[in-house]
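Dear colleague,

Please find below the sequence and structure that I am handing over to you. My findings follow directly after it.

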Amino acid sequence: MTADKTLDAETIPHPIRERFPVILTLSLLGNIPANAKWKQNGVTIAGDHGQGDATNQLSLPFGLFVDDDQTVVIADYYNHRIMQWKNGDTTNGQVVTGGNGQGNGLHQLNHPTDILIDKETDSLIICDRMNRRVVRWSRRSDTTQGEILIDNIKCYGVAMDEQRYLYVSDIERHEVRRYQLGEKNGTLVAGGNGKGDGLNQLNFPTYLFVDRQRNVYVSDEQNHRVMKWNNGAKEGIVVAGGQGQGNALTQLSYPQGIFLDTLGTLYVADTWNHRVMRWTQGDKKQGTVIVDGNGEGAGANQFNGPVGLSCDRHGNLYVVDYNNARVQRFSIE
């Protein structure tokens, strides 16, 4: 592995020399017990047929979103498309957005990194990263192109709160903004004070989660920490990591996907430690490894760069295994 994990995607050759991860937010989360455990062998629900552009393949997948019926939508980054896998159909996915080659037409995507489902309009909201825009595509089967919601933004992660405000991370301005749908400028909710490691700063903010109080959780990738910005706050609180890059239980290494359960427990895709961690409320000093910890690899109990992270209403975990070009589900015991 090379030292710079956040090299801009324009310079990533294929197959990758620099590895570059991602994540997603959730809708209704299940009640996960405080003492929950997960099976350590994952089941592949998408991909795992090598990097490629067939409908049974993914190529450097990033973020994902799990719908209430366990349908999974995935940002298939290097194929410039969004793929959908229905629960139980692990053979082939369906191209639901893009898939028309790399480009900036309204019918195209260019290295999408994150995605969510807006149930109110039955549409997909996508961070179309290298086109510097956030786009919306209807999920109707006759849809052939999207519409631009926000442009001129080096977006990475997207999230939505219960009032349908949209939150977008910006890796160029090192900030997170909240938008009413249809609004172009947004309101600053995290960072925005330049690149840095102060409590009022972020350094390459990637994935987001927003709780019911509209507090924003940010994967602050280059600072190897997860930050919580309370609604209206001028600075954040470190809720995971922040002890430098490393593999101790107090540390993270380029964290990506995050979500919170109903108890307020934080789950983190600790990307370059090849593990998923959980940090309970009140214990900000160290987390516990809940999946993997078996080192980098392609086994059922291993990851090679876990990126996107989500769960379904039953508490099963879904992990985008970036370099293995697959999505793994870990069943709650």
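**The disulfide**

In this predicted model, the count comes to one disulfide, taking a disulfide as a pair of cysteine sulfur atoms within 2.5 Å. The two partners are Cys 127 and Cys 155, whose sulfur atoms lie 2.4 Å apart. The torsion about their S-S bond is about 100 degrees, so the disulfide is right-handed. Cys 127 belongs to strand E7 (residues 123-128) and Cys 155 to strand E10 (residues 155-160), so the bond ties together parts that are 28 residues apart in sequence.

You may wish to know how these cysteines stand with respect to the surface: is Cys 127 buried or exposed? The cut-off for buried is under 20% relative accessible area. Cys 127 has a relative accessibility of 0% and therefore counts as buried. Cys 155 is likewise buried, because its relative accessible area is 0%. A further cysteine, Cys 311, has a relative accessible area of 2%, so Cys 311 is buried too.

**The two domains**

The domain assignment of the chain gives domain 1, covering residues 46-152, and domain 2, covering residues 156-241. Their C-alpha centres are 23 Å apart. Where the domains meet, 19 residues of domain 1 are in contact with 16 residues of domain 2.

The size of an interface is often given as the accessible area lost when the parts come together. Here, domain 1 and domain 2 bury about 1,400 Å² between them, and 57% of that area is on carbon and sulfur atoms. On the side of domain 1, Asp 114, Leu 116 and Ile 150 lose the most area to domain 2; together they account for 32% of what that side buries.

**Polar links between the domains**

How many salt bridges are there between domain 1 and domain 2? The count is two. In a salt bridge of this model, the side chains of Asp 118 and Arg 164 meet at 2.7 Å, N to O. As for polar contacts, six residue pairs are counted between the two domains, with both residues at pLDDT 80 or more.

Several strands contribute to the side of domain 1 that touches domain 2: strand E2 (61-66), strand E6 (112-118), E7, strand E8 (133-138) and strand E9 (147-151) each supply at least two residues. Of these, E6 gives the most, with five residues.

With kind regards

Notes: Residues are numbered from 1 along each chain as its sequence is written. This is a predicted model: local features need pLDDT of at least 70, side-chain atom pairs count only at pLDDT 80 or more; totals for chains, interfaces and linings use all residues. Side-chain values use heavy atoms; hydrogens and water are left out. Helices (H or I, at least four residues) and strands (E, at least two) are DSSP runs, numbered from the N terminus. Buried means under 20% relative accessible area, exposed over 50%, partly exposed in between (1.4 Å probe, protein chains only). Domain bounds come from an automatic or database domain assignment. Contact means heavy atoms within 4.5 Å. Buried area is the accessible area (1.4 Å probe) that two parts lose on being put together, summed over both. A salt bridge is a side-chain nitrogen of Lys or Arg within 4 Å of a carboxyl oxygen of Asp or Glu. A polar contact is a pair of N or O atoms within 3.5 Å; within protein, one must be able to donate a hydrogen and the other to accept it, and residues adjacent in sequence count only if both atoms are side-chain atoms.
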